[in-house]
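Thank you all for coming. I would like to walk through one structure this morning, beginning with a small detail and working outwards from there.

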Amino acid sequence: MTDNRQQAARDHLWMHMARHSGLANGGTVPIISRGEGHMIYDDAGRGYIDGLAGLFVVNAGHGRAELAEVMAAQAQKLAFMPLWSYAHEPAIDLAERLAGYAPGELNRVFFTTGGGEAVESAFKLAKQYFKLTGQPGKTKVISRALAYHGTPQGALAITSLPSMKTPFEPLVPGTFRVPNTNFYRAPEMFADNEKDFGLWAAERIREAIEFEGADSVAAVFLEPVQNSGGCFPPPPGYFQRVREICDEYNVLLVSDETICAFGRVGEMFACNTFGYTPDIITSAKALTSGYVPLGVMIASEKLFEPFTRGDTTFYHGYTFGGHPVAAAVAMANLDIFEREDLNGNVQRNADAFKSTLEKLKDLDIVGDVRGAGYFYGIELVKDKATKETFTDAQSERLLRGYLTPALWEAGLYCRADDRGDPVIQLAPPLTIGQTEFDQIESILRGVLAEAANRM
């Protein structure tokens, strides 16, 4: 192994979602060596607040020795066994536990290795379910503008980010878009009425179903709090109206909780927070707090019922889906959640996190602070009075040219995102409180104030 890891990275490492031109031209990449609690440390020993929980993942915090111990013990007992017509104890136990957390009759647990695979699984299940129940024309899917649902071909087709899709087209056909719930940029008629805006946004789903024909639409995929675009929470009544619309037209409602589940907004499943029961939940990430890859699709009894008869089979699976080590770690991770009341910590501190971040609104560059629980977006604007956003070139200079390296240098790892209007995204581990909120706000204040001066 080389002593020069930067050179080795230049020569061999293909990073995800990353521009490589700077590294290829002699630049460097941050190398993270260890984590502890809400902190990560680079190879020079310098510490940074993990303001993104890795990637909306490490909800229980870094360095949990007991999870490593569970990993080792399970690997010694049974390192691998697929769920292809066989079962193992960790998967059975975890499926039972997840069904207990899920609302309604969402009792059937299908394991994957990540969120994109869970969405892919839900897309395929929705189409097969309607074929098995005599409605083979119901194949289309609706999602929201700017929404991200994963990178597999089907999940990418549901994703609503053209720059991520066009290099890989043609994609799976039959996916359509409706407006999201960005109240900050709602039509002017709803500027002072979030509930009416939410009902308007929900009605656009009904309109899309009717336009395409209810006999052709299989499912609607929605995140409880939409991530891409900068943390759009649901307005009051939004999901209740969406549920009514889906029931009226016999369309499945999929709650994509890859980010929002397991404490991010203060419950094991965010649909419980916002008071709706979907037909399918997809999730991953914080199920194991990132210690091992694991994803999940949880489906209702109604969707599973056709597979209980004859030779009907869901011909879909993943070699490592429900891996015994991953399932054992998930059980131990959920033990930590319950023992330390991490969901309760989020519920008790969510208002304080919000009010601390809202202090930043006195900066001219900060247009909006929005989100829920421990999941927030800070939208940056050129003109606060008019809400004018930055041009693409300005956003490039602001986010990549200054904010990302400056925040890192100041000791905060978070996301500066331009999939939509420019935002700073925060999703820290669920273990933190007011002391860390203040530290995050202080770092952001200094960097954003300088950014405003530069623009």
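Let me start in helix H10, which covers residues 238-249, where the side chains of arginine 243 and aspartate 247 meet in a salt bridge with an N to O distance of 2.8 Å. These two residues are four apart in the helix, so about one helical turn separates arginine 243 from aspartate 247. Arginine 243 has a relative accessibility of 14%, and because buried means under 20%, arginine 243 counts as buried. Please keep in mind throughout that this is a predicted model.

A comparable arrangement can be found in helix H9, residues 194-212, where arginine 206 and glutamate 203 are three residues apart and are therefore separated by about one helical turn. Their side chains also meet in a salt bridge, here at 2.3 Å from N to O. The two partners fall into separate classes of exposure: arginine 206, at 22% relative accessibility, counts as partly exposed, while glutamate 203, at 18%, counts as buried.

How many salt bridges does a search of the whole structure find? The search finds 32, and one of them joins the side chains of arginine 46 and glutamate 409, at 3.6 Å from N to O. This pair links distant parts of the chain, since arginine 46 lies in the loop between S2 and strand S3 (47-50), whereas glutamate 409 belongs to helix H15 (residues 392-409), and the two positions lie 363 residues apart in the numbering. Arginine 46 is partly exposed, with a relative accessible area of 32%, and glutamate 409 is exposed, with a relative accessible area of 53%. Salt bridges also connect residues into a network, whose members are Arg185, Asp368, Arg370, Glu379 and Asp421.

The loop that holds arginine 46 brings us to the sheet. Here four strands form an open sheet with mixed pairing, and their order is S1-S2-S3-S13. Which strands stand at the edges? They are S1 (32-36) and S13 (412-413), and because each has a single partner strand, one side of each is left without a neighbour in the sheet.

Going through the pairs in turn, S1 and strand S2 (residues 39-42) run antiparallel and are joined by four bridges. Arginine 34 has tyrosine 41 in S2 as its bridge partner, and glutamate 36 stands opposite methionine 39, also in S2. The two strands form a hairpin with two residues between them, and in that turn glycine 37 has a positive phi of about 60 degrees.

S2 is likewise antiparallel to S3, with three bridges between them, and methionine 39 is paired there with isoleucine 49 of S3. This second hairpin has four residues between its strands, and glycine 45 in the turn has a positive phi of about 90 degrees.

As for the side chains, in a regular strand they alternate between the two faces of the sheet. In S2, Met39 and Tyr41 point one way and Ile40 and Asp42 the other way, with all of these residues buried.

Let me turn now to the nonpolar interior. The largest nonpolar core has 87 residues, and those that touch the most other members are Leu98, Phe262, Phe269, Leu380, Leu403 and Leu444. Helix H13 (residues 324-339) contributes the largest share of this core, with nine residues. If we take leucine 380 as an example and leave aside residues up to four places away in sequence, its contacts include Ile365, Phe390, Leu403, Pro422 and Leu448. There is also a second, separate core of 21 residues, among them Tyr129, Met297, Phe307 and Phe314.

Finally, let me step back to the chain as a whole, which has 16 helices and 15 strands. Its C-alpha trace spans about 65 × 60 × 45 Å along the principal axes. For 455 residues, a compact globule would have a radius of gyration near 23 Å, and the protein chain, at 22 Å, agrees with that. Buried residues make up 54% of the 455, and the chain exposes about 19,500 Å², of which carbon and sulfur atoms supply 52%. Among contacts between residues at least 6 apart in sequence, 70% join residues at least 24 apart, and the salt bridge between arginine 46 and glutamate 409 is one example of a link between distant parts of the chain.

How values were computed:
Residues numbered from 1 in each chain as written. Predicted model: local features only at pLDDT ≥ 70, side-chain atom pairs only at ≥ 80, totals over all residues. Heavy atoms only, no water. Pairing = 2+ DSSP bridges. Core = buried A, V, L, I, M, F, W, Y, C linked by side-chain atoms within 4.5 Å. Buried < 20%, exposed > 50% of the residue type's maximum accessible area, 1.4 Å probe, protein only. Contact = heavy atoms within 4.5 Å. Rg over C-alpha atoms; globule rule 2.2 N^0.38 Å. Areas by Shrake-Rupley, 256 points an atom, 1.4 Å probe, with all protein chains shown as cover. Salt bridge = Lys/Arg side-chain N within 4 Å of Asp/Glu carboxyl O.
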